[in-house]
Amino acid sequence: MVPRHHDGGTRGSFSIPKPREAIPIDNILLFLKYYNDRILYEFLQHLKIIAISIPISILVSVPIGIYISSRPRIAKIVIYIAGILMTIPSLALFGIMVVAFAPWGMGLGLVPAVTAITVYSLLPITRNTYTALNSVSEGVLEAAKGMGLSKRQTLWKIKIPLSIPVIMAGVRTSVVLGVSVATFATLVGAGGLGFFIFSGISRANFAMVLVGAILVSALGIGINWFFMRLEVWLTPRGLRVDRE
Amino acid sequence: MIEYKNITKRFGEKAAVDNLTLSLEKGTITMLIGPSGCGKTTSLKMVNRLVDPDEGDILINGDSIFDLDPVTLRRDIGYVIQEIGLFPHYSVFDNIATLPRLHKWDEKKIKDRVYEVLDMVTLDETYADKYPRQLSGGERQRVGLARALAADPEVLLMDEPFGAIDPINRLILQQSFLEIQEEIKKTIVFVTHDINEAIQLGDKIAIMNQGSLVQFDTVSEILANPENEFVENLLGQDRNLKALSLKKAKDYAVKEGYITVTDGTEKEEIRKELEDKDLIVAYILDSRDRLKGRYYIDKSARKVEGRYPIVRETKPYRVTRNTSLTETLSRMLEHGEKKLPVVTREDRLTGVIDLDAIFEEVEQAGAPKEA
């Protein structure tokens, strides 16, 4: 790709004066200087897409996981379907969403982006919820039943609290996955850090791509850390104490 | 009182329990024993309806358990299993408080009850805030028992509760279990595959094989008159010795052959009293009769000024009231003591047991017994 020369200097656009001897570090500093507002904006936009889709995904996946936990045959089908959804290339999934929402005039923007990421993050949460609920020890369940806890009480008082660490690990997987997949959101007009990556590629602006990629990674790492803390914090204390 | 009436349970074609009729007396421990697959656990689980029979009826105090909703029924029956099944995310307190909370007792009453049952299973208050993962296997099973007792059920079902615990702790747990039962007098159904445990703990033993009841009687009766070869094999070769293990130290403890003193008593005073009464041992008791030590005239030592020295010991060997004669005997041999003090769970002295008393018992056991 032949780099185009822009006038440079005007706010909101940027060009590489001498692309053939590009020294990324200089360009990055320059890039950051001119683009700081936009970076913040797209960063928050990226976060917003995640912040909307993950709670939706949790609200859908956890109840599904709970529902299928006592129905192994349905569980097999549901997890299979969720698995298939996950094998759709993410780029294609965004394309499908655009087409799917177009008839309602919502083919572009937040709606297809959020939907695509939600679909993508269903599997880890559903599967972990299902697995966690089914790995509560037999002895605990028999004691609960024998003591006279109803099915509902066993679910809410025993199974779910004991499953929190594994469910949260699934949520964490989904969020981290979501952060990277949300890079494509810019292609459906929902913005996000993908903007820098795709704009950078089309303009052969290495600094722009690099900044975009680094920010996506940093966001992923940061969110991962945050959810790891959250996981520990939500885990019942009795599961955290080690034998003295 | 629990009555099994013509209970049959089939898994597929095979009858796991075949026309079982059994009547368990109130306040006693009935041991269900037999080889694996004999239907003992299935029979136990029918009482709290974890398994429903295909035919027959089970009555508790005359009322059919099938008239009740299973969940309601289970809340009035204590249940202890080998896996223990403590809730790992609940503290010991919350584990024990589970049923009282379901029964909607007020918090004050729950708190009092939790500490009461903890005390019963000889765990102190500091355990309340611990979590199951911080406990040893033996401690966990004590908590499991405490949890089953929390709502004060009349019936207690125990499914090999001590099966997964190491032999030393198992012995201790069995011992304290008997002491607890002496206090609480529950109607207990206890499944085991260990004949020694059955003999040790049971008031009555129900021996099962292939879904049928082979023999149901008191422990001593079964030892004396096994119904058939199957029972004989189950009991093993050393029946006389096993019979000895049924006898408890408390029944042979006598309040003679020793004197008791308080801690401050002068040595010479004690020696004089012992010599006057021609005895050699004086036990030191505190104000609540707890055994704190002993003085004895050491006749194996050299005489000083024509008299044997008097020796003080702070931790004399002892047995508890429910220690079996076999166990008492082995401790006597182990420590080289001909007499051992017998104490209560609170360590109060109730008497001494003499080696001769055990020998007499062995001689009698060899002779034919009256029913």
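The questions and answers below look at the two domains of chain B and at one of its sheets.

This is a predicted model, in which local features need pLDDT of at least 70 and side-chain atom pairs count only at pLDDT 80 or more, while totals for chains, interfaces and linings use all residues. Residues are numbered from 1 along each chain as its sequence is written, and chains are lettered from A and ligands numbered from 1 in the order in which they are written.

Q: How far apart do the C-alpha centres of domain 1 and domain 2 of chain B lie?
A: Domain bounds come from an automatic or database domain assignment, which for chain B gives domain 1 as 2-242 and domain 2 as 251-363. The C-alpha centres of these two domains of chain B are separated by 37 Å.

Q: Which helix gives the largest share of the side of domain 1 of chain B that touches domain 2 of chain B?
A: Two residues are in contact if their C-beta atoms, placed from the backbone, lie within 7 Å, and five residues of domain 1 of chain B meet five of domain 2 of chain B in this way. Helices (H or I, at least four residues) and strands (E, at least two) are DSSP runs, numbered from the N terminus. Three residues on the domain 1 side, the largest share, come from residues 167-184 of chain B, helix α6.

Q: Which strands are the edge strands of the open sheet β15-β16-β17 of chain B?
A: Strands pair if DSSP finds at least two bridges between them, and the pairing in this sheet of chain B is mixed. Two bridges join β15(B) to β16(B), residues 339-343, and these strands run parallel. The strands that pair on one side only are β15 (319-320) and β17 (349-354) of chain B.
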